[in-house]
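Good morning, and thank you for making time for this presentation. Please take a moment to look at the sequence and the structure before I begin.

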Amino acid sequence: MSTHSCVIAPHLKDSLSMAEAGKYGRMFPNLPAPETDEALLLSIGKSGSIMDEAARDGLQGEATDNPRIPAGFTFLGQLVAHDITADRSLLIHHARLNELRNFRTPRLDLEAMYAAGATGSPYLYDLYDPDKLLLGINDLQEPADLPRNHQGRALLGDPRDDVHLIISQLHLAFLKFHNKVIDYLRDQGVAPAEVFKQAQQLVRWHYQWIVVNEFLPLTVGNALMDDILANGLQYYTYTETPFIPVEFADAAYRYGHSQVRSLYTLNSLGAKGQVFPDCAGTCPVPHERAIEWNYFFAVDEQHPPQASKRIDTRLAHSLIDLPTSVV
């Protein structure tokens, strides 16, 4: 991916020290925080509130759909979030903006999948073929689940990729793609010592291409993406070390929560479910609930995918009434 530079504005310089210290950067460090009524914020996030999609009268089904964006891009966006942001701060620090720390590199590099490689994270890789990532076996003895320990916890570089079934199956799709690329490179006669490195690069390039050419144009519009690619960025810049702005990670990028549908069809077997609790993760995925991706992405012209929900101020009830394990 190419990057675009521009002259750094004086009010952005303060953010660099934060980035270099391993914290989230700030795009607008001198902008005063809004004064909000915490009790009001808590009240609008409760079940039955004005933010609860289930409380909306007469606007169910197609009226809330956004056919422009297939449902799968909601969860690709979640995977991207896990790839570039991971706040491991104590919960009390969420009230202290300057204490938030990002434990991810600000790159689209699938860090949550590759982790520290076969040497640093051997439990993610196939013992008998360490160029490949380890796959899990479902109830039909098919490689159609994430690898898991005996308690059902997935072996991942980021446990958030198993928070629900749809994101875990998307992570699995990337594992399978990497392994297919390994087979392809071997068939092309690539030297054994170079196979993993080249496969990782190809997988990352495909992932980055999808983000730049499909995910972002669908989300922000072709006109804005064309302008950014042609003219560069206007409000974000850095000198030596890129950083994720906290305004993005903990505010603007949260729009994706509003795209979650109240109900999903998972596959041609007729399996359906809400994201929570029906599709809650940290457990094996049985074959009858395995995702068929033509229900989520436009991969088959004969069978259009489900739409994402419109980006608005309401959330699916399943995100408001969260299971204790997720909260």
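Two strands are said to pair if DSSP finds at least two bridges between them. Please also keep in mind that the model before you is predicted.

With that definition, let us turn to strands β2 and β3. Strand β2 covers residues 125–126, and 2 bridges join it to β3. The two strands run antiparallel. Which residue in β3 stands opposite Y125? The residue is L133. Between β2 and β3 there are 2 residues, and the two strands form a hairpin.

Strand β3 comprises residues 129–133, and 4 of its 5 residues are buried, so the strand is largely enclosed by the rest of the structure. One residue to note here is D129, which counts as buried because its relative accessibility of 18% falls under the 20% limit. The side chain of D129 meets that of R186 in a salt bridge, with 2.7 Å from N to O. This pair links distant parts of the chain, since D129 is in strand β3 and R186 in helix α6, 57 residues apart. R186, at 33% relative accessibility, counts as partly exposed.

That brings us to helix α6 itself, residues 165–187. Its 23 residues should span 33 Å at 1.5 Å a residue, and the end C-alpha atoms are indeed 33 Å apart. After α6 comes G189, with a positive phi near 85°.

Next, I would draw your attention to helix α7, residues 192–220. This helix has 29 residues, and the distance from its first C-alpha to its last is 41 Å, close to the 42 Å expected. Where is the kink in α7 centred? The kink, of about 35°, is centred on V211. V211 is also among the buried residues of α7, which include V195, F196, A199 and V203 as well. As a general point, an α-helix has 3.6 residues a turn, so residues three or four places apart point the same way. Just after α7, G221 takes a positive phi of about 100°.

I now move to the surface. F28, L31 and Y235 make a nonpolar patch of about 330 Å². Y235 is placed in the loop between α8 (222–231) and α9 (246–249). Is Y235 buried or exposed? With a relative accessible area of 54%, Y235 is exposed, because exposed means over 50%.

Finally, the salt bridges. How many salt bridges does a search of the whole structure find? The search finds 12. One of them joins R26 and E247, whose closest N and O atoms are 3.7 Å apart. R26 lies in the loop between α1 (13–20) and α2 (38–44), and E247 lies in helix α9, so the pair ties together parts that are 221 residues apart in sequence. R26 counts as buried at 10% relative accessibility, whereas E247 counts as partly exposed at 22%.

A further salt bridge is formed by the side chains of D312 and K309, at 2.6 Å from N to O. Here D312 is partly exposed, with a relative accessible area of 31%, while K309 is buried, at 3%. In addition, R104, E111, D158 and R160 are joined into one network by salt bridges that share partners.

Thank you for your attention.

Terms used. Residues numbered from 1 in each chain as written. Predicted model: local features only at pLDDT ≥ 70, side-chain atom pairs only at ≥ 80, totals over all residues. Heavy atoms only, no water. Buried < 20%, exposed > 50% of the residue type's maximum accessible area, 1.4 Å probe, protein only. Helix = DSSP H or I, 4+ residues; strand = E, 2+ residues; numbered from the N terminus. Expected span 1.5 Å × (residues − 1). Bend = angle between axes of the 7 residues up to and from the residue. Patch = residues over 30% accessible without salt bridge, like charges linked within 9 Å, V, L, I, M, F, W, Y side chains within 5 Å. Areas by Shrake-Rupley, 256 points an atom, 1.4 Å probe, with all protein chains shown as cover. Salt bridge = Lys/Arg side-chain N within 4 Å of Asp/Glu carboxyl O.
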